[in-house]
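Visitor: Pick one spot on this chain and take me in close. Then work outward from there, and keep it brisk.

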Amino acid sequence: MPGAWVQDDTNVDDSGSELTTIAKAFGSNVTAGNLIAVAVGNGTVDTTCTVTDTLGHTYTQKTATWDGANSQKHWQFFVANISGGANTVTATFGVAVPYRRIGIMEISGLTATPDDGAAAQVQAVSTASDYYSSSNVTTTVTDFLFGSWQDIGGSGGTITAGATPAFTLREVNATAVIAMESRVSQASGTFDANFTNSLGPRAITGMMTFKEMAATESGGGDDDEFTDDSVIPWI
């Protein structure tokens with residue numbers, strides 16, 4: 001069965017209050033055996049980050065990208081073979097920071113050892129015709145792709161999901177400071193996660209790739225079976 005998006009949720013705190021954590025609960029119980037992908041961002045300080053949740057999982061950090069020009073940092077984490085139940089995910093920074101955001105996504109239909117690579121990079125893009133790339137990842141099997149994007153300054157503009165290969169935009173907040181996208185059943189090869197923004201601000205783009213179950217394995221589902229939340233703002 002192919003991998004499938006199940007649900008996602010987000011939280012952004014740009015109040016300026018300096019805190020060490022930001023958290024978000026899934027709107028529905030997560031399902032045992034699935035995977036949680038997490039994007040985390042902060043502004044002003046190049047610091048560390050760890051991710052935990054109320055089900056006691058241990059998260060693996062895949063990327064950590066610092067943009068000194070914009071004083072922003074972006075991470076990607078995941079945990080596979082999760083326990084089921086109500087779940088709140090928390091990102092904890094090494095120092096108190098004034099600007100924080102977290103995006104969480106539950107994914108089904110992946111193998112027991114799903115990690116198949118990751119990439120992230122900073123890009124200063126000046127025109128809407130250019131795209132923001134995670135940089136290339138070469139995968140070995142058919143994968144589910146998770147893409148994340150961050151502009152800590154909140155330049156605004158219209159964010160569009162990647163077209164080559166084609167992604168589905170899952171979340172973008174009202175001020176366009178962060179976004180997530182996904183793609184199901186990408187055949188093995190070399191490719192990137194990518195976004196466009198109508199104003200072309202400086203941003204960080206990341207991608208994680210996860211191995212899907214074979215057709216004879218249980219789990220997964222049809223990635224078309226979702227409620228499109230791409231216009232729901234971060235809260």
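**From one loop residue inward**

Guide: N81 is partly exposed, with a relative accessible area of 44%. This is a predicted model, so read every value as computed from it. N81 sits in the loop between β6 and β7. Its backbone stands out: phi is near 55 degrees, a positive value in a residue other than glycine.

Now look at the two strands on either side of that loop. β6 covers 72-79 and β7 covers 88-97, and each supplies at least two residues of the largest nonpolar core. That core has 19 residues. β3 (35-43), β4 (49-53) and β8 (99-108) also supply at least two each. β7 gives the most, with 4 residues. The residues with the most contacts inside this core are V38, V40, V51, Y59, F77, V89 and I102.

Take V38 as the way in. Leaving out residues up to four places away in sequence, V38 touches V51, Y59, F77, V89 and I102, among others. Its list also includes W75, Q76, G103 and I104, and reaches F146 and M208. Apart from this core lies another, of 18 residues. A119, L169, F191 and A193 are among its members.

Go back to β6 for the charges. K73 is in that strand, and its partner D46 is in the loop between β3 and β4. Their side chains meet in a salt bridge, 2.8 Å from N to O. The two residues are 27 apart in the chain. Which of them is buried? K73 counts as buried, at 10% relative accessibility. D46 is partly exposed, at 44%.

The count of salt bridges comes to 5. Two others involve β5. One joins the side chains of D115 and K62, again at 2.8 Å, N to O. D115 lies in β9 and K62 in β5 (residues 60-67), so the pair ties together parts 53 residues apart in sequence. Both ends are partly exposed: D115 has a relative accessible area of 31%, and K62 stands at 28%.

The other pair is R202 and D67, with side chains meeting at 2.8 Å, N to O. R202 is in β18 (residues 202-212) and D67 is in β5, so this bridge ties together parts 135 residues apart in sequence. The ends are unlike in exposure. R202 counts as partly exposed at 29%, while D67 is buried at 1%.

Now a buried acid without such a partner. D116 lies in strand β9, residues 110-124. D116 is buried yet has no salt bridge. How far away is the nearest side chain of opposite charge? That side chain is K211, 4.5 Å away. A salt bridge needs nitrogen and oxygen within 4 Å, so a pair at 4.5 Å does not count. Beyond its neighbours within four places in sequence, D116 is in contact with V137, T138, T139, T140 and V141. D143, T209 and K211 are also on that contact list.

Finish with two more backbone details. S135 is like the starting residue in one respect: its phi is near 80 degrees, a positive value in a residue other than glycine. S135 belongs to the loop between β10 (132-133) and β11 (137-138). S135 is partly exposed, at 31%. Then there is a cis peptide bond, from T164 to P165, with omega near 0 degrees. P165 is in the loop between β13 (159-161) and β14 (168-172).

Technical notes
Residues are numbered from 1 along each chain as its sequence is written. This is a predicted model: local features need pLDDT of at least 70, side-chain atom pairs count only at pLDDT 80 or more; totals for chains, interfaces and linings use all residues. Side-chain values use heavy atoms; hydrogens and water are left out. A nonpolar core is a set of buried Ala, Val, Leu, Ile, Met, Phe, Trp, Tyr and Cys residues joined through side-chain atoms within 4.5 Å. Buried means under 20% relative accessible area, exposed over 50%, partly exposed in between (1.4 Å probe, protein chains only). Contact means heavy atoms within 4.5 Å. Lys and Arg count as positive and Asp and Glu as negative; His and the chain ends are not counted.
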